[in-house]
Amino acid sequence: MKFKYFIEILKFSAKPLTIIFPIPILQLAVFSYSKHNLNSLFLALIFSFTFYPAVNIWNHVNDVKEDILGGKYNIFAEGVGLRIFGAILAILLYFVSFLVVVKYGNAISLILFIICFLTTWAYSDRIIFGRCLTRLKDHYVTELISFVVSYVSFTLLLWTFFEDLNARAIALSLTILFFVLFGIFIKDIKDISGDEKAGLKTLGVVFTPNILIKLAYISLFLYYLTILIFTLLGFYNILTILSTLPFVPTFIYAKSLKSKNWIITIETLPYFKRTLLMNIISIFLFVVTGLLSPT
């Protein structure tokens, strides 16, 4: 294999950017709100940095048709050999992450791994079972369910590297879920063309962009609400309230977008970009204040 192909596959293994890989925000959040164990954090990173590249590569291998129709570059569209290599690489990475769970996890970890694996595999698969069954990502209902199941189970799985599951773990998984739903609701907007041509019924195809943007902000407000509720219930340290400070400007930006019917234009784009900045500030404060919580 040419070296340039290897580099491109490496880049595609990190697309799209998520708070799991290559930016380990979720792992740091679990570390912050569970036992502050550096060895466990290292295991969580090793697991995530093998599992999630497998998820991304497997998704890109199976998305060649949609990417071609949508005019998007996909390294695996350059030949059958590359697609076979990508599929094998994804399976190997999944297997390595499985070994980490078997070696360092427990029975609950294994169950959660199976849920994560089956969900992420079926989400993209059109090569094996996907030949006769519809991919989960091809319809907005199963697409959304897949994200909910995978993010909640993945967060809980990471938690098992640190300590046994408890109420705080469930609280954290819900907070993280609403945070990532913001990006999930808007991610398909850029893929509408290719998905329509492929006959898919993804979120971007079924719902208009303004509805998806509205749903994204609703999920963001629920993210802030969970922080407030779980802090009041004692699951989070009182200082975690500081991570809700960006809610105020976010609410103002949302009102501005609402006045324009949730349509992104040259005029409203700055409000959307500032919302993304507030998201970064909030999740940063959420992780840092979590470190101050008792273990």
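Where does lysine 72 lie? Select lysine 72 and you land in the loop between helix 4 (64-69) and helix 5 (80-104). Keep in mind as you click around that this is a predicted model.

**Stop 1: the loop at lysine 72**

Show the side chain: lysine 72 is partly exposed, with a relative accessible area of 37%. Now add lysine 197 to the selection. In sequence the two lysines, 72 and 197, are 125 residues apart, yet C-alpha to C-alpha they sit 13 Å apart in space.

**Stop 2: the salt bridges**

The count of salt bridges comes to nine. Start with glutamate 8 and lysine 11, which form one of them, with their closest N and O atoms 3.6 Å apart. Both belong to helix 1 (residues 3-12), and because they are three residues apart there, about one helical turn separates them. Lysine 11 is partly exposed, at 45% relative accessible area.

Next, pick lysine 137 and aspartate 63. They form a salt bridge too, the closest N and O atoms being 2.6 Å apart. Lysine 137 is in the loop between helix 6 and helix 7, while aspartate 63 is in the loop between helix 3 and helix 4, so this pair ties together parts that are 74 residues apart in sequence. Buried or exposed, these two? Both lysine 137 and aspartate 63 are buried.

Stay in this area and select glutamate 66 with arginine 126. Their side chains meet in a salt bridge at 2.4 Å, N to O. Glutamate 66 comes from helix 4 and arginine 126 from the loop between helix 6 and helix 7, so here the parts being tied together are 60 residues apart in sequence. Glutamate 66 counts as buried at 5% relative accessibility, whereas arginine 126 counts as partly exposed at 28%. Now show Asp63, Glu66, Arg126, Arg135, Lys137 and Asp138 together: salt bridges with shared partners join them into one network.

**Stop 3: a nonpolar patch on the surface**

Switch to a surface view and color Ile108, Ile111, Ile115, Val141, Ile145, Val149 and Leu165. Together they make a nonpolar surface patch of about 530 Å². Which elements give two or more residues to the patch? They are helix 6 (107-124) and helix 7 (140-160).

Take one residue from each helix. Isoleucine 108 is in helix 6, and it is partly exposed with a relative accessible area of 39%. Valine 141 is in helix 7 and also counts as partly exposed, at 39% relative accessibility. While valine 141 is selected, add lysine 201: this pair is 60 residues apart in sequence, but 9.0 Å apart in space, C-alpha to C-alpha.

**Stop 4: the nonpolar core**

Now hide the surface and go inside. In soluble globular proteins, nonpolar side chains tend to be buried together. The largest nonpolar core here has 77 residues, and those touching the most other members are Phe47, Phe51, Phe154, Phe161 and Leu172. Helix 8 (residues 167-187) gives the most to this core, with twelve residues.

Zoom in on leucine 172. What is it in contact with, leaving aside its neighbours within four places in sequence? The list is Ala29, Val30, Tyr33, Thr155, Trp159, Tyr236 and Phe286.

**Stop 5: helix 2**

Two of those contacts, Ala29 and Val30, are good handles for the next selection, helix 2 (residues 25-33). This helix is mostly covered, with seven of its nine residues buried. The buried ones are Leu26, Gln27, Ala29, Val30, Phe31, Ser32 and Tyr33. To see what lies over them, turn on helix 3 (38-62), helix 7, helix 8 and helix 13, which are included in the cover.

**Stop 6: helix 13**

Finish on helix 13. Its 22 residues should span 32 Å at 1.5 Å a residue, and its end C-alpha atoms are indeed 32 Å apart, which agrees. The buried residues are Phe272, Thr275, Met278, Asn279, Ser282, Ile283, Phe286, Val287, Thr289 and Gly290. Their cover includes helix 2, helix 8, helix 11 (209-232) and helix 12 (247-259).

For a last click, choose asparagine 279, found in helix 13 (residues 269-290). Why does asparagine 279 count as buried? Its relative accessibility is 6%, and buried means under 20%. Leaving aside its neighbours within four places in sequence, asparagine 279 is in contact with Phe179, Phe182 and Leu220.

Key. Residues are numbered from 1 along each chain as its sequence is written. This is a predicted model: local features need pLDDT of at least 70, side-chain atom pairs count only at pLDDT 80 or more; totals for chains, interfaces and linings use all residues. Side-chain values use heavy atoms; hydrogens and water are left out. Helices (H or I, at least four residues) and strands (E, at least two) are DSSP runs, numbered from the N terminus. Buried means under 20% relative accessible area, exposed over 50%, partly exposed in between (1.4 Å probe, protein chains only). Contact means heavy atoms within 4.5 Å. Patches are made of residues with over 30% relative accessible area and no salt bridge: like charges are joined within 9 Å, nonpolar side chains (Val, Leu, Ile, Met, Phe, Trp, Tyr) within 5 Å. Accessible areas come from the Shrake-Rupley method with a 1.4 Å probe; for residues, only the protein chains shown count as cover. A salt bridge is a side-chain nitrogen of Lys or Arg within 4 Å of a carboxyl oxygen of Asp or Glu. A nonpolar core is a set of buried Ala, Val, Leu, Ile, Met, Phe, Trp, Tyr and Cys residues joined through side-chain atoms within 4.5 Å. The expected span of a helix is 1.5 Å times one less than its number of residues.
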